[in-house]
Amino acid sequence: MTEKSYAKVNIFLKIAGLRGNYHELASRFVKVHSLYDTISFEKEKVDNFTLIGNFSCNLEKNTVYKVYLELKKFSCVEEFFKNYIVRIDKKIPEFAGLGGGSSNAAVFLNMVNNYCNLALSKDELSKIGEKIGADVPFFVYEYDSANVSGIGEIVEKFDEDILDIEVFTPRIECNTGEIFKIFREKFYKEISQEDSKKLFSLSSKEILSNFDIKSANDLYEPALSLYSNLEKFAQKGWFFSGSGSSFFRINNGK
Ligand SMILES: C[C@@](CO)(OP(=O)(O)O)[C@H](O)COP(=O)(O)OP(=O)(O)OC[C@H]1O[C@@H](n2ccc(N)nc2=O)[C@H](O)[C@@H]1O
Ligand SMILES: Nc1ncnc2c1ncn2[C@@H]1O[C@H](COP(=O)(O)OP(=O)(O)O)[C@@H](O)[C@H]1O
């Protein structure tokens, strides 16, 4: 029982409004087929939920464990993880704007739903996922490309060719909360409904041919103001994913 847990990039990320102390987004999420963690369930009798992998946080903070706590109300789930351990081979860098933790949470949700026959719908799984992280719903639906809005809970499939995305992650750990805070204090702006509707209708390649790194991602300038070293890595033709620190480009091959 092994599944791939892919990374994502944000082709564009525009702030569309505020919801309490969160920001509403208008963003195109695209799966990075060449970059993924691997999640396996391995048969082994254990007394407690066991998660093995190279994480920077303890079990309680792990997104996969948070999903387990949500699902253990189903008695079959608690029983299942007395007979299986979870092993994650991490390849997606953390604090990278690639959604690694959120991807793991979503794939784990889908795997438990399948192997424990919970028969939950994608929408029901997504509802559970949004409690764990804003990017989890995108990964629950398993789309290659999607238009994402709200605080990440509105996910609409976008039909386009599968893209060959190249990612570069400098060793700069970007703090998402800090970046949103600086955005709100110094860079606040909102995209109109009309403009986001226009962007959502364009292919990812068309969008990137009309944007530069700053106009494509509202979080780039606040990130730069906190982590000036990012500028050194901002090469021509490359864009910034999420709250960073990753840069990406679409290879012309596809
Ligand atoms: C920025 C995005 C874009 O895809 O991705 P990443 O950069 O993480 O990949 C996501 O919205 C990251 O969502 P999520 O993964 O839930 O963010 P977290 O790190 O949990 O949030 C840290 C803090 O950032 C702020 N935050 C987060 C998401 C959001 N839509 N608005 C916010 O204002 C909140 O203050 C939150 O407490
Ligand atoms: N399964 C997980 N994989 C990676 N990071 C995780 C996981 N669970 C919790 N985290 C925590 O989430 C943060 C990194 O989240 P991640 O989604 O990898 O980065 P980003 O959102 O910037 O792409 C770190 O604080 C990390 O300790």
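Let's start with ligand 1. It has 20 residues around it, and the closest are Lys8, His23, Ala134, Asp135 and Ser243. Keep in mind that this is a predicted model.

What makes up that shell? Eight residues are nonpolar, 10 are polar and two are charged. Three elements each supply at least two residues: β1 (2–19), β2 (22–43) and α6 (176–187). Strand β2 gives the most, with four residues.

Now the polar contacts. The side chain of Lys8 puts an N or O atom 2.9 Å from an oxygen atom of ligand 1. For His23, an N or O atom of the side chain is 2.8 Å from an oxygen atom of the ligand. Asn10 joins in too, with a polar side-chain atom 3.3 Å from a ligand oxygen. How much of ligand 1 does the protein cover? On its own, ligand 1 has 690 Å² of accessible area, and the protein covers 78% of it. The space that ligand 1 takes is the largest pocket.

Stay with Lys8 for a moment. Lys8 is in strand β1. Which residues does UniProt list under "active site"? The unreviewed entry gives Lys8 and Asp135. They are spread over 128 residues of sequence, yet they cluster in space, with a largest C-alpha distance of 9.2 Å. Both Lys8 and Asp135 are part of the lining of the largest pocket. And, as we saw, both are among the closest residues to ligand 1.

On to ligand 2. Here 17 residues surround the ligand, and the nearest are Ser56, Lys90, Leu98, Gly99 and Gly101. This shell divides into five nonpolar, nine polar and three charged residues. Which helix gives the largest share? Helix α3, residues 100–115, with four residues.

Again, the contacts. A polar side-chain atom of Glu94 is 3.2 Å from a nitrogen atom of ligand 2. Asn104 also faces a nitrogen atom of the ligand, at 2.9 Å from an N or O atom of its side chain. Gly97 uses its backbone: a polar atom there is 2.9 Å from an oxygen atom of ligand 2. Taken alone, ligand 2 exposes 550 Å², and the protein buries 84% of that. Where does ligand 2 sit? In the largest pocket.

Last, the annotated domain. The unreviewed UniProt entry lists residues 62–141 as "domain: GHMP kinase N-terminal". Over that stretch the chain is 57% helix and 8% strand. Its end C-alpha atoms are 21 Å apart.

Terms used. Residues numbered from 1 in each chain as written. Chains lettered and ligands numbered in written order. Predicted model: local features only at pLDDT ≥ 70, side-chain atom pairs only at ≥ 80, totals over all residues. Heavy atoms only, no water. UniProt positions renumbered as here; feature names shortened; annotations may be inferred. Near = heavy atom within 4 Å. Polar contact = N/O pair within 3.5 Å; in protein donor to acceptor, adjacent residues only side chain to side chain. Areas by Shrake-Rupley, 256 points an atom, 1.4 Å probe, with all protein chains shown as cover. 1 Å grid on protein atoms, 1.4 Å probe; cavity = no way out; pocket = protein on both sides within 12 Å on 5 of 7 lines; lining within 4 Å. Sits in = over half its atoms within 2 Å of the grid points. Nonpolar A, V, L, I, M, F, W, Y, C, P; charged D, E, K, R; others polar.
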